[in-house]
Structures are given as structure tokens and as C-alpha cells.
Amino acid sequence: MKRRVVLAGLGLPWLGLPSIAGAEVASVVDAAAALRRGGVAVLLRHAATEPGIGDPPGFRLGVCATQRQLSEQGRAQSQRIGAWFSARGLAPAEVRSSAWCRCLDTATLAFGRARAWTALNSFFGDRSVESGQSAELRKALGKLPAQGFEVWVTHQVNISALTGVSPGMGEAVVVRLAGGKVHNLARIRFED
């Protein structure tokens, strides 16, 4: 089976390209080049899950059997994501993840490691924490070292709140903070 990766450039103002926040255009930039330049984070939505929205009533963090899990397709998708990075010689300085099992599993299958970070936890069921978590993520973006990049595995609601982009499962948005604003540099879709 042939694998295809679709890249949609969302603007690289620091390379002289226009910012096209939230818009998809033909492949303008190579996402790998943005990662090699450093000072960016890859916001990766967890891979494909079993059918459903949110989690079952009474789910508990730390008890995977109570949560919506990765499907077999999602497990394979996670491995393809890791292979994409590996084939390009791209190794994240850090891999952070929501504490939800589907995010931790995506990160571990793709990169072999993950550190849970509550700022990446879903606020789908509790919008009252959205502004605080988004502020913490923006602050962390501002502290990324100029060299290297991090991968943050999280949920659609978190990525949309920060970027205005609504990624599909297993899609990524490369971002950086400049001038106090989050800039969407590239969107990566991993497809069969």
C-alpha cells in the first residue's frame, strides 16, 4: 500500500510568505523545513479512534477501559506518523501529551515516549478551563528553544481554540509564537 502525505502551507511570515490563518492552500512550504528551523511545536490530534464523540459517561483518566480508545486503524496511523518523522531525520526534543489514553497511545506508538501535560487535556466536557489551558500553551510556545521542536499530542478542541484550525484525527498543525500571536505554519495530513 502506497502512503501519501498531504501538506498544506498556512503561511511562514518569518520566511517572507504570507500568513493564511485557517485557510488551506496548495503545498507552499515543506513542513519538515519548518521543523528543522526550530522554535515550533507540532500540535498533533490523536489518531483515529473507535466510533463515538467524547468519552462514555463516568470515564476516568488513568483507566483506559473507561475511555474511547484508538482503533486498529488509529494504531497503524500512529506508527505511520512516527515513520514520517523518522524518514526525514526529525526527532522531537520533547513529546508531550494529554493524559487521555488515546493521546498517550498515539504519542507512544509514533515516538516511543510521552509526558502527560494537563494543559493538553481535553476541555470538551468543561469549557470553563479552555482559556487557562490555551494561555498555558501560548506561554509554553513562547519558551520553546530556537533550535529543535516539540510534539504536543492533544484533542481537536484544544487545537481549534489555539489555532482556529479543526484538524482530523491524526492530523498536525505546526505552530510558533511570534509577536504574542500563534502562527499556523503548516498543516500535515497523514493519509493512505
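The exercises below work through the fold, helix packing and selected residues of a predicted model.

Residues are numbered from 1 along each chain as its sequence is written, and side-chain values use heavy atoms, with hydrogens and water left out. Because the model is predicted, local features need pLDDT of at least 70 and side-chain atom pairs count only at pLDDT 80 or more, while totals for chains, interfaces and linings use all residues.

**Exercise 1. Describe the protein chain as a whole.**

Step 1. Take the secondary structure, where helices (H or I, at least four residues) and strands (E, at least two) are DSSP runs numbered from the N terminus. The protein chain has five helices and seven strands.

Step 2. Read the order of the elements. From the N terminus on, they run β-α-β-α-β-α-β-α-β-α-β-β.

Step 3. Turn to burial: buried means under 20% relative accessible area, exposed over 50%, and partly exposed in between, with a 1.4 Å probe and protein chains only. Of the 192 residues of the protein chain, 48% count as buried.

Step 4. Add the surface, with areas from the Shrake-Rupley method and a 1.4 Å probe; for residues, only the protein chains shown count as cover. The accessible surface comes to about 8,800 Å², and 52% of this belongs to carbon and sulfur atoms.

Step 5. Look at contacts, meaning heavy atoms within 4.5 Å. Among contacts between residues at least 6 apart in sequence, 61% join residues at least 24 apart.

**Exercise 2. At what angle do helices α2 and α3 pack, and which residues meet?**

Step 1. Fix the geometry. Axes are lines fitted to C-alpha atoms, for helices over the stretch in contact, and angles run from 0 to 180 degrees between N-to-C directions. Helix α2 (residues 72-87) and helix α3 (residues 101-111) pack at an angle of about 45°, and their axes are 7 Å apart.

Step 2. Classify the angle. This makes α2 oblique to α3, since angles under 35 degrees count as roughly parallel, over 145 as roughly antiparallel, 65 to 115 as roughly perpendicular and the rest as oblique.

Step 3. Assign the hand. A crossing is left-handed if the near helix is turned anticlockwise from the far one by less than a right angle, and right-handed if clockwise. The crossing of α2 past α3 is right-handed.

Step 4. List the residues. From α2, Arg75, Ser78, Gln79, Ile81, Gly82 and Phe85 meet Asp105, Thr106, Leu109, Ala110 and Phe111 of α3. They divide into five nonpolar, four polar and two charged; Ala, Val, Leu, Ile, Met, Phe, Trp, Tyr, Cys and Pro count as nonpolar, Asp, Glu, Lys and Arg as charged, and the others, Gly among them, as polar.

Step 5. Find what else α3 packs against. Its buried residues are Cys101, Arg102, Cys103, Thr106, Ala107, Ala110 and Phe111. These pack against β2 (40-45), α2, β3 (94-97) and β5 (149-154). Just after α3, Gly112 takes a positive phi of about 80°.

**Exercise 3. Place Gly74 in the model.**

Step 1. Gly74 lies in helix α2, and its relative accessible area of 0% makes it buried.

Step 2. Leaving out residues up to four places away in sequence, Gly74 touches Ala47 and Ala48.

Step 3. The C-alpha atoms of Gly74 and Thr106 are 7.8 Å apart, with the two positions 32 residues apart along the chain.

**Exercise 4. Analyse the crossing of α4 and α5, then locate Ser134 and Ser160.**

Step 1. The axes of α4 and helix α5 (residues 156-163) come within 10 Å and cross at roughly 65°. The two helices are therefore roughly perpendicular to each other, and their crossing is right-handed.

Step 2. Glu130, Gln133, Ser134, Leu137, Arg138 and Leu141 of α4 meet Asn158, Ala161 and Leu162 of α5. This contact has four nonpolar, three polar and two charged residues.

Step 3. Ser134 belongs to helix α4 (residues 130-142). Ser134 is buried, with a relative accessible area of 6%. Beyond residues up to four places away in sequence, Ser134 touches Ala161 and Leu162.

Step 4. Ser160 is in helix α5 and counts as buried at 19% relative accessibility. Apart from neighbours within four places in sequence, Ser160 contacts Val165, Ser166 and Pro167.

**Exercise 5. Is Ser122 buried or exposed, and what does it touch?**

Step 1. Ser122 lies in the loop between β4 (115-116) and α4.

Step 2. Its relative accessibility is 16%, so Ser122 counts as buried.

Step 3. Not counting residues up to four places away in sequence, Ser122 touches Ser98, Trp100, His155, Val157 and Asn158.
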